[in-house]
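Biologist: I am new to reading protein structures, and I would like some help. Could we go through this one together, feature by feature?

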2 protein chains.
Amino acid sequence: MSARKRRILSSFKSSPDASQIDVARLAGVSQAAVSRVFTNGRSVSEDTRTKVMAAVEQLGYRPNVIARSLVQNSTNIIGLVVKRFTNPFYAQMIQDFTRALQEQGYWALVLNIAENQELEDSLPMVLQYQVDGLIITSATLSSRLAEECARSGTPVVLFNRYASDASTHVVKCDNTEGGRIVADTFLDAGHKRLAFIAGEESSSTNRDRETGFVDRLKERGHNLAFRESAGDYSYELGYAAAQRLFQLDAPPDAIFCANDLIAMGAMDLARLKLNIKVPDELSIIGFDDIPSAAWPSYDLTTIRQPFGKLVDATIQVLMNAINNPECEVTELIVPPTLIWRNSSRRKE
Amino acid sequence: MSARKRRILSSFKSSPDASQIDVARLAGVSQAAVSRVFTNGRSVSEDTRTKVMAAVEQLGYRPNVIARSLVQNSTNIIGLVVKRFTNPFYAQMIQDFTRALQEQGYWALVLNIAENQELEDSLPMVLQYQVDGLIITSATLSSRLAEECARSGTPVVLFNRYASDASTHVVKCDNTEGGRIVADTFLDAGHKRLAFIAGEESSSTNRDRETGFVDRLKERGHNLAFRESAGDYSYELGYAAAQRLFQLDAPPDAIFCANDLIAMGAMDLARLKLNIKVPDELSIIGFDDIPSAAWPSYDLTTIRQPFGKLVDATIQVLMNAINNPECEVTELIVPPTLIWRNSSRRKE
DNA sequence: ATGAAAGCGCTAACAT
DNA sequence: ATGTTAGCGCTTTCAT
């Protein structure tokens with residue numbers, strides 16, 4: 001069966017896509033010549049280029065990137081792994097990553113996972129798409145998976161995660177340092193009854209923020225008085241966790257929340273339900289600096305993740321790994337900054 | 001140059017990907033047999049399957065989806081077009097679309113555009129990836145582009161957009177009806193000085209919401225007293241627009257905002273800056289029902305877009321169009337619902 | 001500069 | 001059930 005015939009038979013499209021062969025025939029040149037017109041840095045005479053482009057126009061030809069990818073063994077697609085999120089932080093992330101990748105001539109294939117287990121099944125499927133690289137946010141890469149990526153030569157950058165494997169690059173915010181800054185801020189302001197509300201217990205970001213906070217307290221001779229766990233990073237569970245916290249006889253006078261959403265939930269519980277004055281009677285500090293943290297009704301003191309820097313660095317590390325496969329494993333840790341607003345007391 | 005040789009020369013990978021040929025050789029079967037093992041609904045004997053899988057295991061073979069896509073003329077990739085957003089509504093959207101697509105065995109290639117003009121350049125590039133379909137949110141598809149999609153046989157579903165072309169499917173919320181509901185709600189509560197704060201003027205959603213609102217007011221013998229334009233759908237510009245609105249001598253007693261973020265900005269301006277009591281002195285109604293609208297500190301009355309329904313319907317229409325290319329053009333309009341909360345007065 | 005031809009990794013028709 | 005073979009649309013060598 002000829003190519004032509006088959007295409008017509010199997011085609012349900014109004015007019016089948018033209019291929020380079022069709023263009024070549026119409027232009028009266030070889031198919032290779034057409035290919036050269038569409039490949040940068042290849043020499044074609046002005047004459048053939050004109051003839052080819054005329055035929056291209058007439059047929060509405062568009063190069064088939066899939067075929068090109070097959071022969072060049074490179075798709076210009078980056079797999080972007082994200083996890084079911086409620087946090088605006090992650091929306092921003094997808095936004096920024098997709099745009100930054102596009103600026104580099106790459107496209108983002110999004111892999112959205114519900115649970116960590118699912119990554120074991122679905123990541124290999126994304127690898128089958130021959131992605132040129134992988135950015136993993138909010139999920140844990142098992143060493144089995146990391147090894148599989150390494151074997152297939154697919155560079156991986158973990159975003160705000162720990163590496164379970166020595167072969168994966170990491171770009172993250174210094175969450176531990178963020179926790180330390182909060183500890184200093186609270187202690188400097190003279191707070192005594194300090195609390196921490198955790199987000200997702202299994203996440204490394206949560207662990208680091210808490211560790212930094214608690215360690216710094218200890219260094220200065222203090223202790224964490226209360227600890228509650230929201231369970232995830234949502235407003236609703238932050239609200240609920242704060243509720244539990246304030247059922248105590250002598251509740252905290254300062255709360256460090258694992259992220260801004262939790263902080264906003266806690267703040268609303270305190271001021272709307274319990275009539276506690278923030279920051280006069282209670283200081284609250286969050287983490288992330290999401291847009292709503294700056295809204296007048298919250299005006300939340302928080303630890304800002306240098307978002308743009310993190311994204312840019314991630315892309316840069318990834319691009320380097322793609323272009324230079326033998327490069328060393330990078331671990332980039334970007335410091336956070338305290339954003340002073342009005343939900344926490346100043347120095348005494 | 002042999003395939004083997006070439007692969008080694010051009011390879012910077014530690015161990016090059018094994019192909020079906022490699023597996024076949026090791027298993028002592030034909031390459032087609034290996035293919036059959038990985039193709040559903042093809043008969044392979046238990047014996048060869050075992051031999052093949054053993055070789056697969058040993059070589060770490062993974063099917064190359066790009067090659068499969070080339071021959072099957074189908075990638076199982078859907079292009080998801082989004083636009084720079086600040087609205088949590090859109091974050092939710094990407095979230096839901098990517099998951100829903102994955103459940104159907106498809107992957108989302110995200111095209112993130114800054115301006116509409118960019119779509120003219122970048123959408124063709126996505127089409128070159130031979131995507132099986134296209135979901136377009138928050139962007140306008142020119143008729144030139146619509147035609148190009150039609151010609152390449154790529155089905156398109158517009159999400160919450162108007163069609164500029166008769167060949168594209170549409171799934172949208174009945175924004176006009178939403179506006180009408182708000183009009184009724186305000187008039188029933190006895191409000192007299194009604195205002196509208198617009199979002200992005202060029203968006204059809206904005207236009208429809210306003211039209212429905214104003215038309216219904218007129219039907220009941222009332223007029224829109226004030227109109228302000230935020231300029232986009234953000235909290236900040238909503239806040240600023242409300243500020244302009246309240247510089248008037250006799251300001252409104254009820255404001256319909258084009259979306260929830262604008263409404264929250266307006267509400268904060270009113271209650272925090274001007275000490276206006278909501279809803280006693282001012283009713284505010286938004287649109288979308290984003291998560292934060294339900295937070296105690298806002299408790300915003302709003303028009304809920306039936307989000308899950310919209311997403312599901314979009315996927316369904318798209319899948320139908322993919323599997324049944326000759327299907328009729330669908331236009332699905334889903335009604336919104338009023339969510340009563342505490343930012344607007346009840347009936348008198 | 002150009003054409004001929006090989007090959008990327010795979011599926012599918014055909015024959016056995 | 002299995003092997004053989006012909007493509008999918010493209011890039012890239014090799015000759016000319």
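Biologist: Let's start with strand pairing. In what sense do β2(A) and strand β2 of chain B pair?

Modeller: Here is the general idea: strands of a sheet pair through backbone hydrogen bonds, either parallel or antiparallel. In this predicted model, β2(A) and β2 of chain B (residues 107-113) are antiparallel partners, joined over 3 bridges. To find the spot on your screen, look for A:V110, which stands opposite B:A108 in β2(B).

Biologist: Which sheet do those two strands belong to, and in what order do its strands run?

Modeller: They sit in an open sheet of 12 strands with mixed pairing. Reading across, the order is β11(A)-β5(A)-β4(A)-β3(A)-β1(A)-β2(A)-β2(B)-β1(B)-β3(B)-β4(B)-β5(B)-β11(B). The edges are β11 (331-334) of chain A and β11 (331-334) of chain B, and each of them pairs on one side only. From one strand to the next, the twist averages 20°.

Biologist: Where can I see a parallel pair in that sheet?

Modeller: Try strand β4 (residues 156-159) and strand β5 (residues 169-173) of chain A, which pair in the parallel sense over 3 bridges. There, A:L158 stands opposite A:V170 in β5(A). A helix lies on this sheet as well: α7(A) packs on it and touches β1 (77-83) and β2 of chain A. The direction of α7(A) makes about 160° with that of β2(A).

Biologist: Now the two chains. How do I describe the way one copy relates to the other?

Modeller: In general, two copies of a chain are related by a rotation about an axis and a shift along it. Here, chain A is superposed on chain B by a rotation of 180° with 0.1 Å of shift along the axis, and the RMSD is 0.2 Å. The two copies are thus related as by a two-fold rotation axis. In chain A, the C-alpha nearest that axis belongs to A:L109, 2.2 Å away from it. Both copies also use the same surface: 100% of the contact residues of chain A recur in chain B.

Biologist: How many residues of chain A are in contact with chain B, and which elements do they come from?

Modeller: There are 45 residues of chain A in contact with 46 residues of chain B. On the chain A side, the elements giving two or more residues are α5 (65-72), α6 (88-103), β2 (107-113), α7 (116-128) and α12 (260-273). The largest share, 7 residues, comes from α6(A). Sorted by class, this side of chain A has 22 nonpolar, 16 polar and 7 charged residues.

Biologist: And when two helices pack together, what should I look at?

Modeller: Two packed helices are described by the angle between their axes and the distance between the axes. Take helix α2 (residues 20-27) and helix α4 (residues 46-59) of chain A: their axes come within 8 Å and cross at roughly 120°.

Biologist: Why are α2(A) and α4(A) called oblique to each other?

Modeller: Angles of 65 to 115 degrees count as roughly perpendicular and those over 145 as roughly antiparallel. A crossing of roughly 120° falls in neither group, so α2(A) and α4(A) are oblique to each other. The crossing is right-handed. Among the residues that meet there are A:V23 and A:L26 in α2(A), and A:V52 and A:L59 in α4(A). By class, this contact has 8 nonpolar, 1 polar and 2 charged residues.

Technical notes:
Residues are numbered from 1 along each chain as its sequence is written. Chains are lettered from A and ligands numbered from 1 in the order in which they are written. This is a predicted model: local features need pLDDT of at least 70, side-chain atom pairs count only at pLDDT 80 or more; totals for chains, interfaces and linings use all residues. Two residues are in contact if their C-beta atoms, placed from the backbone, lie within 7 Å. Helices (H or I, at least four residues) and strands (E, at least two) are DSSP runs, numbered from the N terminus. Ala, Val, Leu, Ile, Met, Phe, Trp, Tyr, Cys and Pro count as nonpolar, Asp, Glu, Lys and Arg as charged, and the others, Gly among them, as polar. Two strands pair if DSSP finds at least two bridges between them. Axes are lines fitted to C-alpha atoms, for helices over the stretch in contact, and angles run from 0 to 180 degrees between N-to-C directions. Angles under 35 degrees count as roughly parallel, over 145 as roughly antiparallel, 65 to 115 as roughly perpendicular and the rest as oblique. A crossing is left-handed if the near helix is turned anticlockwise from the far one by less than a right angle, and right-handed if clockwise. Copies are superposed by least squares on the C-alpha atoms of residues with pLDDT of at least 70 in both.
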